[in-house]
Amino acid sequence: FGPNPFTPNHYPNNKVVFTVDNSDANSVSLKIFNLEGALVREYIFSSSQNIEWNGVNSSDTVVESGIYIWQIEVGSSRYNGTVIVAK
């Protein structure tokens, strides 16, 4: 995935893109959490292999700079990591 860090609203690094192995055409969910564990944003994609986050929360407001935890679920598989938002 990448870029990491990324800078919302500043092209070309204005979103982070995750590439997942989804050869079975499962639905894919992406959840973004802050470091306190609060859900910031959730997306559900149908049979996608490239999913992205543009750095906005569920109110469509750009999040603060910092470290965020991402969680991707594809079928029965779950992946986690961190991404840095810089402004």
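This is a short tour of the inside and the surface of one structure, to be followed in a viewer. Keep in mind from the start that the model is predicted.

**The core**

Begin by selecting Leu30, Trp53, Tyr68 and Ile72, which are the residues with the most contacts inside the largest nonpolar core, a set of 19 residues. Next, colour strands S1 (16-19), S2 (27-33), S3 (39-46), S4 (50-53), S5 (66-74) and S6 (77-85), since each of these strands supplies at least two residues of that core. If you then keep S5 highlighted, you are looking at the strand that gives the core its largest share, namely four residues.

**Tyr68 and its surroundings**

Stay with Tyr68 and show what lies around this residue, leaving aside neighbours within four places in sequence. Its contacts include Ile32, Phe33 and Asn34, together with Val40, Trp53 and Val63, and they also take in Gly81, Thr82, Val83 and Val85.

**The aromatic rings**

Now show the aromatic side chains, among which four aromatic pairs are counted. Select Phe6 and Trp53, whose rings form an edge-to-face pair, with 5.5 Å from centre to centre and 65° between the planes. This pair links distant parts of the chain, as Phe6 belongs to the segment before S1 while Trp53 is in strand S4, 47 residues apart. Both Phe6 and Trp53 are buried. Adding Tyr68 to the selection completes a cluster, in which ring pairs link Phe6, Trp53 and Tyr68.

**Val85, in strand S6**

Move on to Val85, which you will find in strand S6. Is Val85 buried or exposed? Val85 has a relative accessible area of 2%, and because that value is under 20%, this residue counts as buried. Not counting residues up to four places away in sequence, Val85 touches Phe6, Pro8, Trp53 and Tyr68, and also Val63, Glu64, Ser65 and Gly66. To see how far the chain can carry you from here, draw a distance between the C-alpha atoms of Val85 and Ile44, which are 21 Å apart in space and 41 residues apart in sequence.

**Out to the surface**

Finish by switching to a surface view and selecting Leu35, Ile67 and Ile84, which form a nonpolar patch with about 260 Å² of accessible area together. Ile67, one of these residues, lies in strand S5. With a relative accessible area of 41%, Ile67 is partly exposed, whereas Val85, where the tour stopped before, is buried.

Conventions: Residues numbered from 1 in each chain as written. Predicted model: local features only at pLDDT ≥ 70, side-chain atom pairs only at ≥ 80, totals over all residues. Heavy atoms only, no water. Core = buried A, V, L, I, M, F, W, Y, C linked by side-chain atoms within 4.5 Å. Buried < 20%, exposed > 50% of the residue type's maximum accessible area, 1.4 Å probe, protein only. Contact = heavy atoms within 4.5 Å. Phe/Tyr/Trp six-rings, centres within 6.5 Å; stacked < 30°, edge-to-face > 60°. Patch = residues over 30% accessible without salt bridge, like charges linked within 9 Å, V, L, I, M, F, W, Y side chains within 5 Å. Areas by Shrake-Rupley, 256 points an atom, 1.4 Å probe, with all protein chains shown as cover. Salt bridge = Lys/Arg side-chain N within 4 Å of Asp/Glu carboxyl O.
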